[in-house]
Amino acid sequence: VDGASAGDEIVSGTLLCERCGDTYPIAGGIPRMAGVMSGDERHTAEHFEMEFTSFVAPRPPTPGEQAVNDFLFYSRTGFDPHVFEFLNADPYDTQRASEYVPDGEQLTGAVALDAGCGGGRFTRVAAASAEYVVGLDLGRQVDWAAAACRDLDNVDFVQGSVRKPPFMHRSFDRVFSIGVVHHTPDPAESCLRLGELVREHGALAVWVYSDAYWGSWPRSMVNRALNRRISRFGSEDAKRVAERILYPLGRLQARLARRKWLKLLAAPVFLVSIPRVARRDEMIATILDYYGPRFISTHAGPEVVRWLEASALTDVQVLPVPTSCIGWRRPAGPRAGVPIRAGRDGRAA
Ligand SMILES: C[S@@+](CC[C@H](N)C(=O)[O-])C[C@H]1O[C@@H](n2cnc3c(N)ncnc32)[C@H](O)[C@@H]1O
């Protein structure tokens, strides 16, 4: 309704909903539409804000990072089925990422939504092929994502929730949500909201943590108990625990693991799962990802299939990377399966 603009972009102002009268600020070029959050949701937003703003640099990726992001994006969305030829036995192993050349044809001309975009790494991948991409996230990491994508002119960000996405139904050709809905109180419901956004001929792709996430017993018991404890802390305290206790424990595990007999002797030290990552910052961020979020659920493929089918999506498929699924909004009748057209001008409302 008012505000300052720079060229075509509105950088500050207020959005007014003519139907309900609610207003939402625009700041830094980003509509702030998260609204009032519950205590647990605020904790989720603050946790991930801390994680992204402390450990992720707000800059475009290096070519090596971009290759990994391309590989992760396509193998978790299935938007390029060719990617599965580059999967190793371990779907989390990105060793062959550099051999993979992405084919973004399924995104060409598409209006896409990155639901839970975090620092925008996958928004950027989609933007390389799609006509227009919107990144949505609950927290201030949208500012990080916007900074990391500042060289792209077909990307915008909105601060808001996948539980109440601030878009009109059937606004998007491709909706993808990678590692997000398991951080919401009701992932099935979140998927339903995302499914409503998918246009005819469009698709929703979702990746969530699989039931194997916490490891096998007794590790899973220890890991879950630690998550329950740490996720009660404020985000700065959780960060201190990760930096001062869990990260050194991970380094100790790495040293002990070099000798089999030492590993056996110190077996209890290995009851806590600490992801091993080469860079310190990245390892601390991964530890926080594991132990910090208050909402964190794990799922099986068939369960995710049911969520997508509940949105009246069809041809729902579990992809080779567990637990990622894709479903399509096929119109009934002879036009079924017609691909999206390049040059579509419909943008997310
Ligand atoms: C593990 S990160 C994944 C980010 C990104 N998809 C990626 O893979 O890099 C989870 C993200 O989900 C976001 N998130 C959690 N609950 C959300 C909600 N209700 N609405 C929107 N985003 C949410 C968090 O803020 C966080 O950025």
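1. Long-range contacts. Residues 24 or more positions apart make up 64% of the chain's contacts with a separation of 6 or more. The model is predicted, so read every value below as computed from that prediction.

2. Overall build. The chain has 349 residues, and a compact globule with that many would have a radius of gyration near 20 Å. The chain has 21 Å, which agrees. The C-alpha trace spans about 65 × 45 × 35 Å along its principal axes. There are 10 helices and 11 strands in the chain.

3. Surface and interior. Of the 349 residues, 50% count as buried. The chain exposes about 16700 Å². Carbon and sulfur atoms supply 54% of that exposed area.

4. The shell around the ligand. The ligand has 21 residues around it. Those that come nearest are G116, R121, D137, Q141 and I178. By type, the shell divides into 8 nonpolar, 9 polar and 4 charged residues. Two helices, α1 (39-55) and α3 (121-127), each supply at least two residues of this shell. The largest share comes from α1, with 4 residues.

5. Polar contacts of the ligand. Which side chain has an N or O atom 2.8 Å from an oxygen atom of the ligand? That side chain belongs to Q141, which is also among the residues that come nearest to the ligand. The backbone takes part as well. A polar backbone atom of V162 is 2.9 Å from a nitrogen atom of the ligand. In I178, a backbone N or O atom lies 2.8 Å from a ligand nitrogen atom. As for cover, the ligand on its own has 600 Å² of accessible area, and the protein covers 96% of this.

6. L197. This residue lies in the loop between α5 (187-195) and β9 (198-207). Is L197 buried or exposed? L197 is buried, because its relative accessible area is 1%, and the cut-off for buried is under 20%. Leaving aside residues up to four places away in sequence, L197 touches L113, P165, F167, M168, H169, R170, S171, F172 and V175. Take V175 from that list. V175 and L197 are 22 residues apart in sequence, yet their C-alpha atoms are 7.6 Å apart in space.

7. S324. Look next at strand β11 (residues 324-328), where S324 is found. S324 has a relative accessible area of 0%, so this residue is buried. A polar atom of the S324 side chain lies 2.5 Å from the backbone oxygen of V321. Residues up to four places away in sequence aside, S324 touches S75, R76, V206, W207, Q317, V318 and L319.

8. Cis peptide bonds. Most peptide bonds are trans. Two places deserve a look against that background. A cis peptide bond joins W217 and P218, with omega at about 5 degrees. P218 sits in the loop between β9 and α6 (219-230). Another cis peptide bond joins P322 and T323, where omega is about 5 degrees. T323 has its place in the loop between β10 (314-318) and β11.

9. R170. Most residues other than glycine have a negative phi. R170 is not a glycine, and its phi is positive, about 55 degrees. R170 is found in the loop between β7 (155-159) and β8 (172-178). How does R170 count by accessibility? R170 counts as partly exposed, because its relative accessibility is 44%. The range for partly exposed runs between the 20% and 50% cut-offs. R170 is also one of the residues that L197 touches.

10. D315. Here too a residue that is not a glycine has a positive phi, about 50 degrees for D315. Where is D315 placed? D315 is in strand β10. With a relative accessible area of 45%, D315 is partly exposed.

11. Where to look. For the ligand, start with Q141, V162 and I178: Q141 offers a side-chain atom, V162 a polar backbone atom and I178 a backbone N or O atom. For buried positions, view L197 and S324. For backbone geometry, view the bond joining W217 and P218, the bond joining P322 and T323, and the positive phi values of R170 and D315.

Definitions and conventions: Residues numbered from 1 in each chain as written. Predicted model: local features only at pLDDT ≥ 70, side-chain atom pairs only at ≥ 80, totals over all residues. Heavy atoms only, no water. Near = heavy atom within 4 Å. Polar contact = N/O pair within 3.5 Å; in protein donor to acceptor, adjacent residues only side chain to side chain. Areas by Shrake-Rupley, 256 points an atom, 1.4 Å probe, with all protein chains shown as cover. Nonpolar A, V, L, I, M, F, W, Y, C, P; charged D, E, K, R; others polar. Rg over C-alpha atoms; globule rule 2.2 N^0.38 Å. Buried < 20%, exposed > 50% of the residue type's maximum accessible area, 1.4 Å probe, protein only. Contact = heavy atoms within 4.5 Å.
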